[in-house]
Amino acid sequence: MKTITKLLAAAGAMILGGPAIAQAPQHEGNLVVYASHPSEMVDHFTKMFGDKYGVRVTTVKAGTGELLNRIRAERGRPAGDIMWGGFADTGASAPDLFDEYRSPGLANVEPRMIDAKGYNTPFAATAMVIMYNKKLVPADKAPKSWADLAKPEWKGKVVHADPSKSSAALGALTTWLQIYGKDDKGWSVVEDMTRNQTIVIRSSLVFQQVGRGEYPVGVTYEEGAFNYVLAGAGGIVYPSDGTLLEPEGMFIVKNSPNPKAARLFADFLISEDAQKELVAKFPGRRPTFRGIKTHPDMLPASELKVIAHDAKWASENRAQILDRMQKVIVKTQN
Amino acid sequence: MSAIAAEPAEPRRRRFAATINFWSVTTAVVLLLVGGLLLLPIANVVGVSLSRGAQTGGLLEHYITFFSERFYYQTLLNSLWVSVWAMVFATLVGVPTAYFANRYNIWGRSLVRAAVVLTFVSPPFIGSYSWVVLFGRSGVVTQFLNAYGVSIPSIYGAQGIIFVFTLQFFPFIFLLVSSGLKSIDQSIEDAARNLGSSEFRTFRTAIAPLLAPSITAGALLVFIASFTDLGTPIIIGERFRVLPVLIYGEFVNEFGGRPVLASAFSVILLTVTTGALLVQRRLSARYAHASAAIRPLELREQPLLKRILATAFVFLVIGAALLPIANIIVSSFLKANGPLLVATFTLENYARILDRIALPLWNTIFFTTVATLLCAVIGTAIAYIVVRRPGASSSLLDTIVMFSYAVPGIVLGVGLVVTYHEPPLALTGTSLILILAYFIRRLPFSVRSSVSMLQQVSRDTEDASVNLGAGPAMTFIRITVPALAVAILSGALLTWSNTIRELSATLILQSGDTTTIAIEIFNEVVNGNFGIASALGSILILLTFLPLVVLFTALGKKEEVLV
């Protein structure tokens, strides 16, 4: 009797709902997202996802470093499913913490955004830029290149985050080393730049301080600066000596408690709907979906001078780079 | 005969045995609890800090690193520098403010005390950020003054930190000195004045020495608060680094961090605060004197000019201290243009937090309430043990509870994570660990409140109850607790009001499900949404202030209980 009812119900569903119901994605009903992105964007997409698939999403918001510490601490008993934040190679550089996942949606993503090692789901891309405050610096007086930041006229006027506490700042540092040399020559440029800088502990403090006019110039990621461009307070310089254009990170935690929901969330973020929503609501971020255009005020990727980023070198030498940078900070920031 | 005499002795012995058992068991349980929540985590932090280093393999390697590298040890010197100066300036500001507010017939006297209470409800972190909004290089006040050609010194660096700490913490001195002034007899002042001393000389030679215990107690509270503060220096310190910022930085270090180094730095921080607390206890014991004035110092009518000047001074100081709160409340009603606020009033910020405040609000109230109830129950039991059952374990308990004053939140947070991460007691990420952290951090409020009341209540009634056959537990619940009701309630209100704002331990212990309003404020400030952060901050101000209103109006408590 029961079996027959079930069969009937299933048949009814097939007729009424067609294949949509048969293919309704499976998930655990819960998802825990660790996110270092701004709350508004995290809340927006987790709510959109939760409403669409009936998943109860919880978020833990903190800096990338804190979240990675936490995932490492919880290794034996993971509590989070997703690490949403950090750079594209964060996953590949910590295979003990993250699982590979190649979403079927990657077929629609710009090929150069795809992680060769298969850990990252690239939902957006960002460039490292020089941001200036329009009231304090006329557009024609703003620094044109990274090298300009080492000039004496910018002493004490540049704010930058500590690369050991901010993946964006580390991205800028590896960019400089790739432009000016990974040897002592490059490091001496870095040292000259650092001497001019005030180092803060959080990357979001950089665009905030420049946007509010506390500093004339800062080194930051495009999205943080772009919100102040839209508000009329800030300007962006894409350095003439080249910049990094890299996908942002989204990784699935190893042995995550809700692996199906986690993969579904990854598929969702690179879906056409979510990518269009990204440009509409958070125009500072570059979509990765082929054919979706960036905000009109934002320089298209084709017009940027992008360096050939050696991700393998950057992730293999991360510890030494951070170590040496710590010495530069100790030397220049007293 | 002998049978009759033996009859009543039997139950009495049993009761005596029961007394021993009930309170011995309670003492043991409470000792285990506070030991497990405070001593064990601290011991673990010390243990981790002594891990063998990679370079020399020595146990003290991380301490040697700290004291041999200028970048590190300079933070300790910087912390001491700002804390000592904050202590000095808070005293220079707090003592005259208290003196004028209590001795002169300044206008708006009743407002002063309410305003001082308000300075205690400033929400964490956003209060510090307010100073940048007001006095930063492009701050509201800075720009206003610049328009008139006036330039003010920078809010950044050591001078800014000292300025903010002075205004933030002088109320400790104000409240303690106000209470100290009440215990001085008018005859002392009269004698000095009759012998021809001027008012200032009288103050310096006759009154100030009697205020010494209040001033030193307050000054050391200012020192400890300044020494452990993270929010202010992280925002306005810039190149001027202090020890708590260094610890936080090492703990949140990207790609692994250096927890061992962070532990060693924590131990150094804890050593200084513990030392300061010991000095304070030493001094307060030495200065302790009977403090009942037969005829307390009177309020004096002043000539008009003096009255105007005193009123201006008091309100200038208090007005400055209240600036961050005013800024938060005003900002919460300002319209946001992307990340920037513009001068148009709106309720948008409140509308934007509506759909996501439910969880943090519920968590905040739930954790705070449970922790407060725990504090009230266990704090009262501890107070009873400390006052009524002196002995080795009782004084150990007293010392542990006082020690929790000296443990900075960030150090407690790190210790709890280190101690309660692995099964069988895998508590990290749960609500319980936050509740327990709040409980142990704020326990002294309840204990102190009940201790001071219990010392005034005679134990005759309790003895009578035991003699009439009630057991010790029954006596405690039916006799002692009702006698302490007001003290327990006022301790609980203070606990609640202080716990609801907790940030430094919560930052380390929270998980997404256990986020609180203070955490949401922190995240919004660092992400640059000052409007939303202000709306959340205003709600927190209200939640902190309400219990205090009950405390001071319905219970008739004096503001001094805040310190």
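**Exercise 1. A helix and its surroundings**

What covers the buried residues of α5(B)? Work it out on this predicted model, starting from the burial of the helix itself.

*Solution.*
- Step 1: locate the helix. α5 of chain B runs over residues 126-135.
- Step 2: apply the cut-off. A residue is buried if 20 or more other C-beta atoms lie within 10 Å of its own. The residues of α5(B) that pass are B:Ile126, B:Gly127, B:Ser128, B:Tyr129, B:Ser130, B:Trp131, B:Val132, B:Val133 and B:Phe135.
- Step 3: draw the conclusion. Nine of the ten residues are buried, so α5(B) is largely enclosed by the rest of the structure.
- Step 4: name the cover. It includes α6 (140-147), α7 (157-182), α10 (231-236), α13 (304-331), α23 (517-526) and α24 (530-553) of chain B.

**Exercise 2. Two helices that cross**

Take α3 (residues 70-103) and α13 of chain B, and find how they pack and which residues meet.

*Solution.*
- Step 1: read the geometry. The axes of α3(B) and α13(B) are 10 Å apart, and the packing angle is about 130°.
- Step 2: classify the angle. Angles of 65 to 115 degrees count as roughly perpendicular and those over 145 as roughly antiparallel. The two helices are therefore oblique to each other.
- Step 3: add the handedness. α3(B) passes α13(B) in a left-handed crossing.
- Step 4: list the partners. From α3(B) come B:Val93, B:Pro96, B:Thr97, B:Phe100 and B:Ala101, and they meet B:Ala310, B:Phe313, B:Val314 and B:Val317 of α13(B).
- Step 5: sort them by class. The contact has eight nonpolar residues, one polar and no charged ones.
- Step 6: look at the spacing. An α-helix has 3.6 residues a turn, so residues three or four places apart point the same way. Keep that in mind when you look along the two lists in step 4.

**Exercise 3. A second crossing in chain B**

Repeat the analysis for α16 (residues 392-406) and α18 (residues 431-454) of chain B.

*Solution.*
- Step 1: the axes of α16(B) and α18(B) come within 8 Å and cross at roughly 120°.
- Step 2: that angle makes α16(B) oblique to α18(B).
- Step 3: the crossing of α16(B) past α18(B) is left-handed.
- Step 4: α16(B) contributes B:Val401, B:Met402, B:Ser404 and B:Tyr405, while α18(B) contributes B:Ile440, B:Arg441, B:Leu443, B:Pro444 and B:Val447.
- Step 5: by class, this contact of α16(B) with α18(B) has seven nonpolar residues, one polar and one charged.

**Exercise 4. Where the chains touch**

Which element gives the most to the side of chain A that touches chain B?

*Solution.*
- Step 1: count both sides. There are 41 residues of chain A in contact with 34 residues of chain B.
- Step 2: list the elements that give two or more residues on the chain A side. They are α3 (39-53), β2 (56-61), α4 (64-73), α7 (203-212), α8 (222-230) and α12 (318-332).
- Step 3: pick the leader. α4(A) gives the most, with seven residues.
- Step 4: describe the chemistry. This side of chain A has 13 nonpolar, 18 polar and ten charged residues.

**Exercise 5. Three loop residues**

Are A:Pro300, A:Asn255 and B:Glu238 buried, partly exposed or exposed?

*Solution.*
- Step 1: A:Pro300 sits in the loop between β11 (286-287) and α11 (311-316) of chain A. It is exposed, with 10 other C-beta atoms within 10 Å.
- Step 2: A:Asn255 is in the loop between β10 (245-253) and α9 (259-269) of chain A. Its 14 C-beta neighbours inside 10 Å make it partly exposed. Its phi is near 55°, a positive value in a residue other than glycine.
- Step 3: B:Glu238 lies in the loop between α10 and α11 (243-251) of chain B. It has 22 C-beta neighbours inside 10 Å and counts as buried. Its phi is also positive, at about 50°, although B:Glu238 is not a glycine.

**Exercise 6. Checking each chain against a globule**

Compare the radius of gyration of each chain with that of a compact globule.

*Solution.*
- Step 1: for chain A, 334 residues give an expected value near 20 Å, and the chain has 22 Å, which agrees.
- Step 2: for chain B, 563 residues give an expected value near 24 Å, and the chain has 26 Å, which agrees.
- Step 3: add the burial. Buried residues make up 51% of chain A and 50% of chain B.
- Step 4: finish with the secondary structure. Chain A has twelve helices and eleven strands, whereas chain B has 24 helices and two strands.

Methods. Residues numbered from 1 in each chain as written. Chains lettered and ligands numbered in written order. Predicted model: local features only at pLDDT ≥ 70, side-chain atom pairs only at ≥ 80, totals over all residues. Helix = DSSP H or I, 4+ residues; strand = E, 2+ residues; numbered from the N terminus. Rg over C-alpha atoms; globule rule 2.2 N^0.38 Å. Buried ≥ 20, exposed ≤ 12 C-beta atoms within 10 Å, placed from the backbone. Contact = placed C-beta atoms within 7 Å. Nonpolar A, V, L, I, M, F, W, Y, C, P; charged D, E, K, R; others polar. Axes fitted to C-alpha atoms, helices over the stretch in contact; angles between N-to-C directions. Parallel < 35°, antiparallel > 145°, perpendicular 65-115°, else oblique. Left-handed = near helix turned anticlockwise from the far one by under 90°.
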